[in-house]
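Trainee: I would like to go through the labels on this structure. For each one, I want the value and the cut-off behind the word.

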Amino acid sequence: MTAPLQQMKADLFKAMGNPMRIQVLELLCERERSVGEMLVELGVGASALSQQLGVLRGTGLVLARREASAVYYSVTSPRVADLLAVGRQLRADLLSLQVEMLTDLRAEEDADSQG
């Protein structure tokens, strides 16, 4: 059985495991935005954005506030930006490792074909 803390971590990463949600978080890490602004910037439909914002709200990654008829969203912590930055760096590190492995493999193949 999964411990509650591990489940909470899994839920957090699951919420971030969607490209549109990552885009939303990246926008919101820059500054608070209205739903209307995000619709224009992301080029998606209102129902799709609403669904993704609901998931992010449910995990506590974003907060909503109403001002007149507009709803504004922001991230709940600056650590969200830190987590996204670590994710980008990890992805770059892993890609770099893959490039190194491919380079080594090609060198081995070249040596085999010449020998």
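Trainee: Why is Ala-68 called exposed?

Mentor: Its relative accessible area is 73%. Exposed means over 50%, buried under 20%, and partly exposed in between (1.4 Å probe, protein chains only). Ala-68 is at 73%, so the word is exposed.

Trainee: What is this model, and what are its ground rules?

Mentor: It is a predicted model: local features need pLDDT of at least 70, side-chain atom pairs count only at pLDDT 80 or more, and totals for chains, interfaces and linings use all residues. Residues are numbered from 1 along each chain as its sequence is written, and side-chain values use heavy atoms, with hydrogens and water left out.

Trainee: What is the confidence of the protein?

Mentor: pLDDT is the predictor's confidence in each residue, from 0 to 100. The mean is 93, and 97% of the residues reach 70 or more. Among the elements, S1 has the highest mean, 98, and helix H5 (residues 79-114) the lowest, 90.

Trainee: Where is Ala-68 found, and what is its phi?

Mentor: Ala-68 is in the loop between S2 and S3. Its phi is near 60°, a positive value in a residue other than glycine. Most residues other than glycine have a negative phi.

Trainee: What makes S1 a strand?

Mentor: Strands are DSSP runs of E with at least two residues, and helices are runs of H or I with at least four, numbered from the N terminus. S1 covers 33-34, so the run meets the strand minimum.

Trainee: How do you know that S1 and S3 pair?

Mentor: Two strands pair if DSSP finds at least two bridges between them. S1 and S3 (residues 70-75) have 2 bridges, in the antiparallel sense, so they count as paired. Arg-33 stands opposite Tyr-73, and Ser-34 opposite Tyr-72.

Trainee: How many bridges join S2 and S3?

Mentor: There are 6, again antiparallel. Leu-63 has Ser-74 as its bridge partner in S3. The two strands form a hairpin with 2 residues between them.

Trainee: Why are S1 and S2 called edge strands?

Mentor: The open sheet has 3 strands in the order S1-S3-S2. Strands S1 and S2 (62-67) each pair on one side only.

Trainee: Which side chains of S3 are buried?

Mentor: Val-71, Tyr-73 and Val-75 point to one face and are buried. Ala-70, Tyr-72 and Ser-74 point to the other face and are not.
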